[in-house]
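Colleague: Could you take me closely through a single part of this model, namely its enclosed cavities and the helices beside them? I should be grateful for one connected account.

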Amino acid sequence: MRRWRLVLGGGEADGTGWALAGRDAAMDAALGALYGGAGAADGGRRPAGAERSAGLGGSAPKVARWLGDIRTYFPSSVVQVMQRDAIERLGLSSLLLEPEMLEAVEPDVHLVGTLLSLNKALPDTTRETARAVVRTVVEQLEKKLATRTRATLTGALDRSARISRPRHRDIDWDRTIRANLKNYLPEYRTVVPERLIGYGRAAQSVKKEVILCIDQSGSMAASVVYASVFGAVLASMRSIATRLVVFDTAVVDLTDQLDDPVDVLFGTQLGGGTDINRALAYCQSRITRPADTVVVLISDLYEGGIRNEMLKRVAAMQAAGVQFVTLLALSDEGAPAYDHEHAAALAALGAPAFACTPDLFPDVMAAAIEKRPLPVPVA
């Protein structure tokens, strides 16, 4: 009954008859300020008999206190959802321009996206605080994603450079056994390995080139954050030459900032139109070894440029040997809105477009490096 009371919000309509006190009453007030129906929009006025106090108004101190309250009463994952809802439902983005507000929020990917969308409006007094918030999130993501990404891609790079006279520690036993099954000796129940197959040592020089081409339209905020972090991780691997390009109707190459993904993120400008064809033209002009290049387009494919030229460009890159990957999103947000016609056209060219989670991204890149079929999630 207590849980139902907190969910339903009190007043005559909830039907529970359950009274809240102490911590529960304070928790209910924090929920009511955000989810209090009409009261949330009118600064706290609710029908007679309603128990919740509602509304955050436009007062930064009031919002800051509310942010402190929800961090006291709810776990971090719930706090992040409530913050996102407050920004979207109550229009609190402008309050994030104040340092006191930023210091009170729980940093997460969606907050970073909001800050990046406000990037040009950030006053000098807030900019350093905003960078600190963004850096906190970036460091958390790097810690979570870097080790597995490096391990997965190092293995893929080694397997893509197989050699026929490997050292013992470099032997690929699965492929060696399959290649020598004809040499099976039944009496000894063993295979005589006439030919050894092994992994090359790819770390000594650049073996692959990766170009991340990222749509920075407003709907791609979370994808921009994750792609920037992955770009920095890839750039830290000596065997991969990484280029990071962001675009809307203009194209910006941020490769020289890849040593610090925070600089990359603040070099983006979320919002604006989309010209995928222009971005791909730039990427195509930077390809020097097509057979050893992977181009990853991260976009919802709402093209504002020349559609047929975009498709011709993708086909030309593939014909030259480029591995082309299209990600409709790189985030944990689920199925995105995207241009289905363009996605179908790319799939017809052999470049299926699909949403990718950060956990799946290393496997997608490994498959592209090894020129295997991509692990496309089942819809």
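Modeller: What follows is a description of the cavities, and then of one helix contact. Please keep in mind that the model is predicted. A search of the whole structure gives two cavities of 30 Å³ or more.

The largest cavity holds about 80 Å³ of space. Its lining consists of Val63, Trp66, Leu67, Gln83, Ala86, Ile87, Leu92, Leu96, Met101, Val105 and Leu111. Helices α4 (60–73) and α5 (76–90) each contribute at least two residues to that lining. By class, the lining of the largest cavity has 10 nonpolar residues, one polar residue and no charged ones.

The second largest cavity has a volume of about 40 Å³. Around it lie Gln80, Gln83, Arg84, Ile87, Asp108, His110, Leu111 and Thr114. Here α5 and α7 each supply at least two lining residues, and α5 gives the largest share, four residues. The lining of the second largest cavity divides into two nonpolar, four polar and two charged residues.

Helix α7 also takes part in a helix contact. The axes of α7 (residues 109–117) and α10 (residues 221–235) come within 8 Å and cross at roughly 105°. Because angles of 65 to 115 degrees count as roughly perpendicular, α7 is roughly perpendicular to α10. From α7, the contact involves Val109, Val112, Gly113 and Leu116, while α10 brings Ala221, Ala222, Val225 and Tyr226. Seven residues of this contact are nonpolar, one is polar and none is charged.

Key
Residues are numbered from 1 along each chain as its sequence is written. This is a predicted model: local features need pLDDT of at least 70, side-chain atom pairs count only at pLDDT 80 or more; totals for chains, interfaces and linings use all residues. Side-chain values use heavy atoms; hydrogens and water are left out. Axes are lines fitted to C-alpha atoms, for helices over the stretch in contact, and angles run from 0 to 180 degrees between N-to-C directions. Angles under 35 degrees count as roughly parallel, over 145 as roughly antiparallel, 65 to 115 as roughly perpendicular and the rest as oblique. Contact means heavy atoms within 4.5 Å. Ala, Val, Leu, Ile, Met, Phe, Trp, Tyr, Cys and Pro count as nonpolar, Asp, Glu, Lys and Arg as charged, and the others, Gly among them, as polar. On a 1 Å grid over the protein atoms alone, a cavity is a set of points where a 1.4 Å probe fits but cannot get out, and a pocket is an open set with protein on both sides within 12 Å along at least five of seven lines; lining residues have an atom within 4 Å of a point. Grid points are joined across faces, edges and corners, and a volume is the space filled by probe spheres set on the points.
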